[in-house]
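Work through the exercises below with the sequence and the model side by side. Try each task before reading its solution.

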Amino acid sequence: KDEDTSHFSPATIMVEAEHKERRPKWKKDDSTSCCSRCTAKFTVLRRRHHCRNCGNIFCNSCTSDRLSIPTLGYSESVRVCSPCFADVLTSFIADPARESLTQPAFKSAAA
């Protein structure tokens with residue numbers, strides 16, 4: 001279904017298109033029957049979840065962290081896998097001088 005963009009300026013539409021180009025391609029749901037991290041089998045009760053940062057498929061437990069990822073167009077916190085959460089957190093700590101617009105907002109399940 002196409003999104004109605006009639007209320008957006010051409011500049012806004014262009015920025016959104018750039019963000020979508022940077023986003024990882026999601027693995028197809030039927031490409032795996034188990035979590036990419038813990039290898040738990042997916043069932044009716046254990047659902048598949050895509051990490052918005054890497055596009056891989058994980059169980060709920062392995063995607064319980066949330067991040068805003070402005071470089072991919074996610075200004076609100078979105079679901080990320082535990083490895084991506086750790087990678088982004090590590091890179092953020094290593095480079096605290098980042099501009100505020102590129103700083104992710106962290107929301108760990110442990111918090």
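The exercises go from the whole chain to single residues.

This is a predicted model, in which local features need pLDDT of at least 70 and side-chain atom pairs count only at pLDDT 80 or more, while totals for chains, interfaces and linings use all residues. Residues are numbered from 1 along each chain as its sequence is written, and side-chain values use heavy atoms, with hydrogens and water left out.

**Exercise 1. Confidence**

Find where in the protein chain confidence is lowest and where it is highest.

Solution. Start with the scale: pLDDT is the predictor's confidence in each residue, from 0 to 100. The average over the protein chain is 79, and 68% of the residues score at least 70. Next, go through the elements. Helix 1 (residues 10–22) has the lowest confidence, with a mean of 60, and strand 2 (residues 57–58) has the highest, at 97.

**Exercise 2. Order of elements**

List the helices and strands of the protein chain from the N terminus on.

Solution. First fix the terms: helices (H or I, at least four residues) and strands (E, at least two) are DSSP runs, numbered from the N terminus. Counting them gives 2 helices and 5 strands. Read in order, the elements run α-β-β-β-β-α-β.

**Exercise 3. A hairpin**

Describe how strand 3 and strand 4 are joined.

Solution. Two strands pair if DSSP finds at least two bridges between them. Strand 3 (residues 65–69) and strand 4 (residues 74–80) run antiparallel and are joined by 4 bridges. For single bridges, take Asp65, whose partner in strand 4 is Val80, and Arg66, whose partner there is Arg79. The two strands form a hairpin with 4 residues between them, and in this turn Gly73 has a positive phi of about 85°.

**Exercise 4. Burial and the core**

Decide whether strand 3 is largely enclosed or not, and say which elements supply the largest nonpolar core.

Solution. Buried means under 20% relative accessible area, exposed means over 50%, and partly exposed lies in between (1.4 Å probe, protein chains only). Of the 111 residues of the protein chain, 27% count as buried. In strand 3, 4 of the 5 residues are buried, so the strand is largely enclosed by the rest of the structure.

A nonpolar core is a set of buried Ala, Val, Leu, Ile, Met, Phe, Trp, Tyr and Cys residues joined through side-chain atoms within 4.5 Å. The largest one has 17 residues, and Cys35, Cys51, Phe58, Leu67, Ile69 and Val80 have the most contacts inside it. At least two residues of this core come from each of strand 2, strand 3, strand 4 and helix 2 (82–94).

**Exercise 5. Surroundings of Arg23**

Work out what Arg23 touches beyond its sequence neighbours.

Solution. Arg23 is found in the loop between helix 1 and strand 1, and its relative accessible area of 23% makes Arg23 partly exposed. Contact means heavy atoms within 4.5 Å. Leaving aside neighbours within four places in sequence, Arg23 is in contact with Leu72, Gly73 and Tyr74.

Now look at the ring. A charge sits over a ring if NZ of Lys or CZ of Arg is within 6 Å of the ring centre and within 35 degrees of the ring normal. Arg23 lies over the face of Tyr74, at 4.1 Å from the ring centre. As a last step, compare sequence and space: Arg23 and Arg52 are 29 residues apart along the chain, and their C-alpha atoms are separated by 7.6 Å.

**Exercise 6. Cys38 and Thr39**

Place Cys38 and Thr39 in the chain and give the phi of Thr39.

Solution. Cys38 is found in the loop between helix 1 and strand 1, as is Thr39. Cys38 counts as partly exposed at 37% relative accessibility, whereas Thr39 is exposed, with a relative accessible area of 52%. Residues up to four places away in sequence not counted, Cys38 touches Cys59 and Cys62. From Cys38 to Phe58 the C-alpha distance is 8.1 Å, with their positions 20 residues apart in sequence.

For the phi, begin with the usual case: most residues other than glycine have a negative phi. The phi of Thr39 is positive, near 65°.
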